[in-house]
Amino acid sequence: MKCLLLANESAEVLFYWTDTEFEQRVQEQYGVSQEEGERLPAFEDSINTLFAPIIISCSTMVDRLGDNYTSFSTENNHIYVLHQFEECLYIAVNGDGDETEEDLKRKIFVMKKLTEIMFGMVTFSGALLRKELRPQDTEQRNRLWKKLRSLLETYSRLRENDQSFLVEAVERLIHPTLCEQCIEFLERRLVQQINSNMDRMGEEVLHAFILVHTKLLAFYSSRNASNLYSSDLLALIILVQDLYPSKINLDETSEELESSSVPEVFYTPEPSPPERESGDSPPVFQFVDPDVQMAEDSLQTLEAPTPDPSAPSRVFLESKECPMPHSMYCLPLWPGITLVLLTKIPNSHVATSVCYFLEAFVKLEKRLCEGHEGAAAMRGQPSVQEQRSRLEKLIKTWTSQLQNAWTDFKNKAFSRSGSGFTRDLLPSCRNMKTQLCGVYRQFFAAECMGSSQRLAPHLQERALSMVQEKLMDWKDFLLVKSKRNITMEFPGLIHFIYVDRSNGQMIAPSLNVTDRTVSELGKGPLADFIKKKVWSLVATAQRYLQKGYATVTLRDGDYFYCYFLCYNISNENDMGYKLEVIDIPSSPDDGAPVGMLTCDYYRKLLRYYSKKHQNEVVKCYELFTVHLGVIPNEYILQHCSQLARKLWEPTRIPLL
């Protein structure tokens, strides 16, 4: 019983996702028509009817009280969590007890992050976001919603099974020699060769990285590239996993893992063709209604084709200026191993200009809403008045709608007959914001990507073959290494997760819970039991961290949990282990969940603590451990200290 819904202030559904149980419940409640051509629209109408009172109630509370409720539960134990982002209301529902209120809140914030990755600055305007999420063309809307639903399901799967998405940090493969060789290869051969080729169509590779399932093998950024934040990298891994899901159960058997000293025995069977997978399904549905069978077959047909690697995805990544548009190329080297290229597109400078002016109007709107008028409303950088001449020049080359909006704004703000910088200017100011976002959408929306604006197919094929040749002798080892990344050497220590929050990377022993694969904790029920303990520890630690606690120790039956949040302070002459545990500010109950995908909590924490150490380098680390409860407390703390020191050195490899 799960649902996630996005709606605007007019109670119009912009996107929804439901699981099968929730869909059946709604159908039973509203009697959805089963006639041909009516089933999907009727169900959408039912969803609208179900949530309309809640949406209208929220809008009314915001208008009259300036506030809104964030969650409530019903008599049948359904939990509703709500969050308003500008003009868009997100509602997450759970009715089976599988998700807590915090889980639903996290799902909302991750969904917002995914929309920002896909649409960039368009999300700043409710009207334009509506056009993106709810296109008039029904087929286009169904394709988009199908993509968003798939991304949400991919995230949920990764959150449930992958430790890197549990703590929201990038896990890297621990093999310093191979990592450094791959970074050097990406820099001196692959990226250099692509960027010097005339067939790159004006694009420039800024970032290149290699993934083994969800683990990072190597990452390279060109010198003129802006920093790629870990939150964006995690979101990109979701996109890659959505295109090429990891099929863990098809990997090496336990016997092959135990004999890992002989390279020849590592064998990764080729994945079954997508057609064969969909071909296994029809017997389940062959006796149902023909119309339903046709719908299921159509869905499988849509899922079957392998994505064209020559067709990039448009993604928008954080930068100091604004969400910058990039083209993302996902090139599958082998099943489970992927090369990803992020390129700068030719007209990306327009995004910087648009964002610069948008910031001026956002600040002006804020000051006008606060009651400032005249010169007081124009304070701050950048100022609309100071940038007037520059804005005039650029607007002439952009849309006519923006020119009309600018003319209206000028007449009210700068002419003698106008209202000047008063609250009466707010509608014109908001119209300018919308039109600037419209320019951004016109230049960078995904449908604006022409077939000519991409790396030539032969250039992509050359990049693919170069990396395959480089890693040919390593591919089987890498697939096994992704299951046995690091081992433990401390008696009584069952599991640990070590996270460097300064660069968003983590290290942890593997947790494979299937009967066919072996991890450091064994396989099957044992690993599954430990996995539940680890997931419980992380949820508990994050809950206390949000309340301002940097250290947590907890005994749970036969197990002892520890969590530490520490800071390392160093300067040019000190590279030691000067770790400090400090008091941290607590977060409001209605704030974003602790994590990096949600709102990059740790980046804010680093900024907060760095204010006290202006001339020093401040780094942040987390350590989660699970020990047997019979181990004395002094030995547990000694293990944690030794483990942190041992893991310190590998984290200095410059992967990010």
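**Close-up views of a predicted model**

**View 1. Strand 17 and its pairing with strand 12.** Strand 17 (residues 617–628) is mostly covered, with nine of its twelve residues buried (buried means under 20% relative accessible area, exposed over 50%, partly exposed in between; 1.4 Å probe, protein chains only). Strands here are DSSP runs of E with at least two residues, and helices are runs of H or I with at least four, both numbered from the N terminus. Strand 12 (residues 493–500) runs antiparallel to strand 17 and is joined to it by seven bridges; two strands pair if DSSP finds at least two bridges between them. Val-499 has Glu-622 of strand 17 as its bridge partner. This is a predicted model, in which local features need pLDDT of at least 70, side-chain atom pairs count only at pLDDT 80 or more, and totals for chains, interfaces and linings use all residues. Residues are numbered from 1 along each chain as its sequence is written, and side-chain values use heavy atoms, with hydrogens and water left out.

**View 2. An open five-stranded sheet.** The strand order is 8-7-11-10-9, with antiparallel pairing. Strand 8 (215–221) and strand 9 (313–317) each have a single partner strand, so one side of each lacks a neighbour in the sheet. From one strand to the next the twist averages 30 degrees (axes are lines fitted to C-alpha atoms, and angles run from 0 to 180 degrees between N-to-C directions). Within the sheet, eight bridges link strand 7 (residues 204–212) to strand 11 (residues 337–344). Val-212 is bridged to Ile-337 of strand 11.

**View 3. The largest nonpolar core.** This core has 109 residues, and Phe-51, Ile-91 and Phe-409 have the most contacts inside it. A nonpolar core is a set of buried Ala, Val, Leu, Ile, Met, Phe, Trp, Tyr and Cys residues joined through side-chain atoms within 4.5 Å. Helix 13 (residues 349–369) gives the most to this core, ten residues. Leaving aside residues up to four places away in sequence, Ile-91 touches ten residues' worth of surroundings that include Cys-3, Phe-51 and Ile-108 (contact means heavy atoms within 4.5 Å). Cys-3 is buried, at 1% relative accessible area.

**View 4. Thr-540 in helix 19.** Thr-540 lies in helix 19 (residues 525–546) and counts as buried at 10% relative accessibility. Its side chain reaches the backbone oxygen of Ser-536 at 2.9 Å.

Conventions. Polar contact = N/O pair within 3.5 Å; in protein donor to acceptor, adjacent residues only side chain to side chain.
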